[in-house]
Each structure stands twice: as C-alpha cells, then as structure tokens.
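Biologist: Hey, got a minute to walk me through this one? I'd like to start with the overall fold and then zoom in.

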Amino acid sequence: MQKALIIDYKYCTGCHVCEVACRNEHGFALGQCGIKVPDARPEKTGDHWSWNYVPVPTDLCDFCDARAAQGQDAACVHHCLAKCMEIVEVEDVSARLAALGKTAVCFVP
C-alpha cells in the first residue's frame, strides 16, 4: 500500500532532529538527507510573532521501508521531539488531515 507523511507544522520547532535521524539511519553524507527543514521566516500578526517550520521530504526519502518491515516507525517520525510527524496509508490521509486541522500538510512520494 502507498503511504504518506503527515506533518502538523504548528508543533514543529525546527530542531532538525528528523534530518539527523534520517542521515544516521541511511548513512547519508553531510548535506544529503531524506528530509529537510528549511529555515523559517518570522511572521508577525498583531503583537504576536511566529516561526513556522515545515519539514519536507526529499527524493532520498524511502519512508524507511526497512524499518517499517520490522514494525518500526520511520527514523524521522521515531525521533521527532515534537511528535508532529506520522506516516499513514494514503486512504487515511483525508480523515487524518481533517482531524488535525489546517496546520497539517501531507507528502506522498
């Protein structure tokens, strides 16, 4: 079955742990990774400042198929400190996004 990565970016702090976990899991060279966290630009709404980070899978992302075969979460999902990432079946994407609200995004390889 095809899978999708859902990220609820309202909880992402931009810590880059997902990048490090991915690089360590796959042995990628420095600068290569299956997921990247681009720098966020601050946004001001009234007196409130916010920074939104959205981790983005790259072409190197394989959803950690080897880990999934062993019943484990993808390295990025497992190590995410904010627990804002999850991998779901494509058929479940709509319901999951509806439950999370407008701060969630979905990536399908």
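Modeller: Sure, we'll go from the overall fold to one helix, bearing in mind that this is a predicted model.

Biologist: How many helices and strands are there in the protein?

Modeller: The protein has four helices and seven strands. Starting at the N terminus, the order is β-α-β-β-β-β-α-α-β-α-β.

Biologist: And what radius of gyration does the protein have?

Modeller: It comes out at 14 Å, which agrees with a compact globule, because 109 residues would put such a globule near 13 Å. The C-alpha atoms fill a box of roughly 45 × 35 × 20 Å along the principal axes.

Biologist: What share of the residues is buried?

Modeller: Of the 109 residues, 32% are buried. As for contacts with a separation of 6 or more, 61% of them link residues 24 or more positions apart.

Biologist: Switching to the surface, how much of it belongs to carbon and sulfur atoms?

Modeller: 52% of an accessible surface of about 6800 Å². On charges, there are 10 positive and 14 negative ones, and their mean positions lie 6 Å apart.

Biologist: Now helix 1, please. Which of its residues are buried?

Modeller: Helix 1 covers residues 17–26, and its buried residues are C18, E19, A21, C22 and R23.

Biologist: What do those buried residues pack against?

Modeller: Their partners are strand 2 (35–36), helix 3 (75–79) and strand 6 (85–89).

Biologist: And what phi does G27 take, just after helix 1?

Modeller: A positive one there, about 70 degrees for G27.

Notes: Residues are numbered from 1 along each chain as its sequence is written. This is a predicted model: local features need pLDDT of at least 70, side-chain atom pairs count only at pLDDT 80 or more; totals for chains, interfaces and linings use all residues. Side-chain values use heavy atoms; hydrogens and water are left out. Helices (H or I, at least four residues) and strands (E, at least two) are DSSP runs, numbered from the N terminus. The radius of gyration is taken over C-alpha atoms; the globule rule is 2.2 Å times the number of residues to the power 0.38. Buried means under 20% relative accessible area, exposed over 50%, partly exposed in between (1.4 Å probe, protein chains only). Contact means heavy atoms within 4.5 Å. Accessible areas come from the Shrake-Rupley method with a 1.4 Å probe; for residues, only the protein chains shown count as cover. Lys and Arg count as positive and Asp and Glu as negative; His and the chain ends are not counted. The place of a charge is taken as NZ of Lys, CZ of Arg, CG of Asp or CD of Glu.
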